[in-house]
Amino acid sequence: MKPGQILRALFLPNSKIESEQNAETQRSVYGSSLEERLSVSSDPWMPTHRHRKGGLYRVLGQGILEADRTKAVIYQDQEGTIWIRPHCEFEDGRFERLEQ
């Protein structure tokens with residue numbers, strides 16, 4: 001990707017059936033669905049993954065990178081910055097899922 005290129009994440013899914021299937025997939029992969037992770041709650045920010053360099057992050061959901069239509073993971077750091085990374089990079093060993 002070129003420096004300064006804007007990435008737009010297109011949140012999945014497109015239908016109610018896909019939404020239910022996607023939520024179940026997200027629960028099995030990330031421990032909760034996007035809606036559950038984005039819900040307003042009095043609970044403190046809880047990480048779902050640790051980067052191999054030590055940073056803590058929580059996965060918010062899945063998306064699609066507009067530039068090349070590849071699957072992406074949308075996640076947030078402790079300071080509130082939202083990050084988007086291709087799914088293959090997120091699952092290649094850089095991140096370790098934390099026990100809930």
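In which strand is the place of histidine 49? Histidine 49 belongs to β1, the strand that covers residues 49-51. Please keep in mind as you look around that this is a predicted model.

Let's stay with this histidine for a moment. Is histidine 49 buried or exposed? Its relative accessibility is 5%, and because buried means under 20%, histidine 49 counts as buried. Its side chain also makes a polar contact of 2.8 Å with the side chain of threonine 48. Across from histidine 49, in β2, stands tyrosine 57, and that residue will lead us further in.

First, a look at the whole protein helps. It has three helices and five strands, and along the sequence these follow the pattern α-α-β-β-β-β-α-β. Of the 100 residues, 30% are buried. The accessible surface comes to about 6900 Å², with 51% of it belonging to carbon and sulfur atoms. Among contacts between residues at least 6 apart in sequence, 41% join residues at least 24 apart.

Now back to the strands. β1 and β2 pair in the antiparallel sense over two bridges. Together they form a hairpin, with four residues between the strands. In that turn you will find glycine 54, which has a positive phi of about 115°. β2 then pairs with β3, again in the antiparallel sense, over seven bridges. One match to look for here is arginine 58, whose bridge partner in β3 is glutamine 76. β2 and β3 also form a hairpin, this time with six residues between them, and arginine 69 in the turn has a positive phi of about 65°. β2 takes part in both pairings, and this strand is mostly covered: seven of its nine residues are buried.

What lies in the largest nonpolar core? Six residues make it up: Tyr57, Val59, Val73, Tyr75, Phe90 and Phe95. β2 (56-64) and β3 (71-77) each supply at least two of them. As a general background, nonpolar side chains in soluble globular proteins tend to be buried together.

The aromatic rings deserve a closer look. The protein has five aromatic pairs. One of them joins tyrosine 57 and tyrosine 75, edge-to-face, at 5.4 Å centre to centre and with 80° between the planes. Since tyrosine 57 lies in β2 and tyrosine 75 in β3, this pair ties together parts that are 18 residues apart in sequence. Tyrosine 57 is buried, with a relative accessible area of 17%, and tyrosine 75 also counts as buried, at 3% relative accessibility.

Tyrosine 75 pairs with phenylalanine 90 too; this pair is tilted, with 5.3 Å centre to centre and 55° between the planes. Phenylalanine 90 sits in helix α3 (residues 87-94) and tyrosine 75 in β3, so the pair ties together parts that are 15 residues apart in sequence. Both tyrosine 75 and phenylalanine 90 are buried. Ring pairs link Tyr57, Tyr75, Phe90 and Phe95 into a cluster, and these four residues also appear in the core described above.

Finally, what is tyrosine 75 in contact with, leaving aside its neighbours within four places in sequence? Its contacts include Tyr57, Arg58, Val59 and Leu60, then Thr81, Ile82, Trp83, Ile84 and Arg85, and also Phe90 and Phe95. If you follow the path back from here, tyrosine 75 leads to tyrosine 57 through their aromatic pair, and tyrosine 57 stands opposite histidine 49, where we began.

How values were computed:
Residues numbered from 1 in each chain as written. Predicted model: local features only at pLDDT ≥ 70, side-chain atom pairs only at ≥ 80, totals over all residues. Heavy atoms only, no water. Buried < 20%, exposed > 50% of the residue type's maximum accessible area, 1.4 Å probe, protein only. Polar contact = N/O pair within 3.5 Å; in protein donor to acceptor, adjacent residues only side chain to side chain. Core = buried A, V, L, I, M, F, W, Y, C linked by side-chain atoms within 4.5 Å. Contact = heavy atoms within 4.5 Å. Pairing = 2+ DSSP bridges. Phe/Tyr/Trp six-rings, centres within 6.5 Å; stacked < 30°, edge-to-face > 60°. Areas by Shrake-Rupley, 256 points an atom, 1.4 Å probe, with all protein chains shown as cover.
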